[in-house]
Amino acid sequence: MSRKKLEDLLAIEKKIQKSWSEEKIFEEDAPVNGNQQKYMVTFPYPYMNGRLHLGHTFSLSKCEFAVGYQRLQGRKCLFPFGLHCTGMPIKASADKLKREIEEFGYPPTFPVEEIKEEEEETSSEVVIIDKSKGKKSKALAKTGGVKFQWEIMRSLGLTDEEIKAFTDAEHWLEYFPPLAQKDLMNMGAHIDWRRTFITTDKNPFYDSFVRWQFVRLKERAKVAFGKRYTIYSPKDGQPCMDHDRSTGEGVGPQEYTLIKMKVQELNGKLNSLAPKNVYLVAATLRPETMYGQTNCFIGPDLTYIAVEAKDGDYFICTRRAARNMAYQGILSTENEVRPVLELKGMDLMGLKLSAPLSGYQTIYTLPMLTVKEEKGTGIVTSVPSDSPDDFAALNDLKNKAPLREKYGISPEMVNFEPIPIIEVPEYGNLCAPAVCIALGIRSQNDKEKLTLAKEKVYLKSFYEGILLVGHFSGKRVQDVKKSLQNMLIKSNDALLYQEPEKQIISRSGDECVVALCDQWYLDYGEEKWRSVTQKSLNSIETFHDEVRKNFESTLDWLKGHACSRTYGLGTRLPWDDNWLIESLSDSTIYMAYYTICHMLHSDFDGAVGTEYDIKPEDMTREVWDYIFMQTEKMPSSRLSPTILDKLRNEFKYWYPVDLRVSGKDLVPNHLTYYLYNHVAIWPNNPELWPKAIRANGHLLLNSEKMSKSTGNFLTLSEAIERFGADGMRLALANAGDSIEDANFETNVADSGVLRMWTFIELVKELLEEKKHMRSSSDKSIIDNMFISEMNLKIKETNENYKLLMFKEALKTGFFEYSNLFHQYRERAQVQGGMHWELVELYLRSQVIILSPICPHICDYIWRTYLGEKKSILHALWPQVDEPDMALVNASEYLTDTSRKFRLRLKAHMTPPKGKKGNITVPEKPSHGTIWIAKTFPTWQSIILNSLREMYLKNQNVLPDNKEVSSVLGSIPELKKYTKKVMPFAQLIREKMKNYGVKALKNTLDFDERVILEENMAYLLGNLDLEGLDIKWTDQSDNERIKEEVVPGEPFLTLVTAPHLFITAVNPQPHTGLFSCTIPVYTDDKISAFISRLRKFERSIKPSMHIQLYKFKDPELGPRMLPTLSDPLRNVELIPEETLLHIKDSSVLFTCSGSSGSLGSIILYWVQ
């Protein structure tokens, strides 16, 4: 791709964006009468601690394309866009910069040894990621592992002097929002920028809105005060937020299920704990695998303690785990660990245990050297059916007697077989053994292979596995994990336990724990509230079943969400100024604020008012109530009833949100809170609840994760500079429609730039050719085929847009649609040329149906070349007739036949395999015969009818071959063709993959012979043949042709007719045209010879006229030197009606009763 082409497109985009801005094309207000259909779409406002990147852009592009399409449906469309600043990251980053100046000076000079990127912690355990969380903090993901905040800011291209200003948290709120707006405007986003804002109390209007919301939630008993899990420093006696940590920034609590395995016999040191119950407690992320426990692993050299639990029983675990439990209300003494016994792992070897859900009544403790003290409880459940580590470790103990003897383990203690508990695609119901055997793992020391095995097994087992045992048998593992956990807790076989995902050290040097702390929380999961939220979910379009299942699963397990913090930016709780409302909790119904914010302020933070002169203090709770339909009573206010009614009308018109687009990782948190809070604020107005949610996967860049540290990363501004807005948008649409991870391919974006540029050039070219095109009212069959195919693709594209399947819309509405035009152009060139009416129809419809994805180029063509005064953004979707499927099928038949004939020609020209030196290259064929069948043979018709009956009886699916064979084998008329029946049936089954149920028809819905005859010139040109005959198969002497050629499957035979060659010379100076050697056949027409000449000399344009001249003396004339001043001296024109013949070794001509020799050389003249 040349930079010049890109620069041309970038200039066009700037020009079009300028016109949109001047026309205020995206600014939409609610109409007074409210009758026009509307469409409101929103995207989770991005966090303002950096530039927008391609990941943001992928999700919001779904909003873009949806709005572009809905405008074409005649709806008023609103795409507002806010910018999020609430929470800790901005404040923590600003404070970090201050500390770095204090510690390292200005500009800071960092110690070399401290700049090194921290090595990522390696773990033997593959963690099933909680999809409500990222694998690491957003801040960390954006920095590429850079340790110091100053270095992060430098990586954004900021100078030291510029960075210094960011020590003030408010500067972040002033710096990044305008950049986000600029980038989105350069993208051509259809955003009403009057409806934008930043969050936090920096914006007094938004602050008032959030406070009003929380007052109403508290009044309705949706907010409660109680204990919630949080990172806590016992030494400091308070929660340890990101800004309070020296290590572990961005690390949160990790939830485990604490499995209680009862010790059956209290021997040795454990005898002192009798008569109380003693449990080894194991922390697991996979409670659903407890059905497969065969043993329990202990670190033989680790130190364990016994502590008293809250119910008086004793728990055995590591001291570190007990410390976490003490702050979670699990132990008998709160916030303190009081060991009653200290033990080594060797003291616990060979214990008999009762394990909840296990298929074995007794299992034993066994040694494992890789058990870690810093993760979990030091007690590890063993499930060899689904854990490669466990399978390898158990096999080592089975196979190595000295290892058993070292730790006092008898053979019966390891005499356990893996229990099939989960069916995993590809791996069966014993996936760990299957993978270990496949990879050749022989020992727990095969660490690299074990890591690979775990990667293969764990995630696939969790996300695709089906549980085979227990109460939840038959259900997907990921769907029942929480329910199974709850069942274990209810039966007192397990507890909920949490600890930090990784080690966190506070600034005071204390290792942090997870503690249950008092704080305000939204009571999500409360029975009545959950029931109404379920009702809302039932009415929402989610586009994918998996998204709905994720919502259902979240509603099942979600129990409350802490909505308050003491540190960061945001809005303070109205009833307790000590608390800030955290970032997920002020982000649930802000879409309602979009509907009216353009009347409140005209900037990001509410400092600049509007024509309505509304002040923050005017926005009382009673005013908010009236605007958002909490009451019909007009409030007492400084604002006039007219303004209040206009505010209310804006909300009533635009709400509800018709579409919210987000990453799928927000389903378990933000998007579920979004549903909960809408039904809480508008419990009696289901018409105001969300209508549709489109969740998508993450975005890969060239099939790899985006990462600054690897350089595989693009900001929005970088992508636009590199590919232009429309090239980028095209690649985003092509990236993917499913909820799996999508893939932005830079080569697709590059080719998109070339496609856009080529499309503009095509439009110019077609407008130039208009004067040579047909314009009569008559339409040929290829015209009508093209019209029907366009109608079909327009309808398919309409459906794809409607379902938000934008990759498919791009495919049907641009790639396939433009291919149809080029196919029509190719066919028409040899059959009288294209019809201008169809060309214009194509161009106008193409730019309209592509405009949601590539609006700049489409609007440019629309106005500049198609003569429209208004923007294409005011156009309507093309209204088309129902496609004539017979014509569509005929066109597909012609395309398929042409392709098969080309393959047949290629096979004909391929030399037969033989000995080296004896290969004879076949002579190029000149003529052919197309054989077509009137009907299928009787036996094939019987099979087709039978298959169609089976297809309809089997719910529109063909049964398997066993059943098909049985049915066809019972038909007497087919006995004679026994060996041919199933191969033919299988051929039809294969054809159904391409043609669907049409493959079962025994007649065609078009006249095969007519289609071929009408397109004879196209087929001749396509095959480079001189002549084609069409014959019925019953005219053939070849039994194979009679037997195998069926309707819709013509066959081509090829021959080479006798011919001689003539040299055609162009005598015109400076034309760049050369001599060509052209074959002549018997009874050749001059028009056929000229057509042949055009094929050989590609420089002759279709609009050029060719005349042929023969020498008056065919023997002497070619030997005479040409004269530049009179190149046609001694030659005479060959009339078009002349016929050419071959006799002996000479080419003869006849014309108007005269005849003679043409000679071996003639001249051609081009005008």
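Let me start with one pair of side chains, K202 and E170, which form a salt bridge in which the closest N and O atoms are 3.0 Å apart. This pair links distant parts of the chain, since K202 sits in the loop between α8 and α9 while E170 belongs to helix α8, 32 residues apart. Please keep in mind that the model we are looking at is predicted. As for accessibility, K202 counts as partly exposed at 23%, and E170 also counts as partly exposed, at 39%.

In general, side chains of opposite charge can pair when their charged atoms come close. Under the rule used here, the count comes to 74 salt bridges.

Let me turn to another of them, where the side chains of R825 and E769 meet at 3.2 Å, N to O. R825 lies in helix α25 and E769 in helix α23, so this pair ties together parts that are 56 residues apart in sequence. Is R825 buried or exposed? With a relative accessible area of 13%, R825 is buried, whereas E769, at 26%, is partly exposed.

The next pair sits within one helix: E1013 and R1009 both lie in α32, four residues apart, which is about one turn of the helix, and their side chains meet in a salt bridge of 3.0 Å, N to O.

Salt bridges can also be joined up, and here E27, D29, D192, R194, R195 and E650 are linked in a network of them.

Finally, consider K802 in helix α24, which touches Y69 and F543, leaving aside residues up to four places away in sequence. K802 and Y69 are 733 residues apart in sequence, and 8.0 Å apart in space, C-alpha to C-alpha.

Terms used:
Residues numbered from 1 in each chain as written. Predicted model: local features only at pLDDT ≥ 70, side-chain atom pairs only at ≥ 80, totals over all residues. Heavy atoms only, no water. Helix = DSSP H or I, 4+ residues; strand = E, 2+ residues; numbered from the N terminus. Contact = heavy atoms within 4.5 Å. Salt bridge = Lys/Arg side-chain N within 4 Å of Asp/Glu carboxyl O. Buried < 20%, exposed > 50% of the residue type's maximum accessible area, 1.4 Å probe, protein only.
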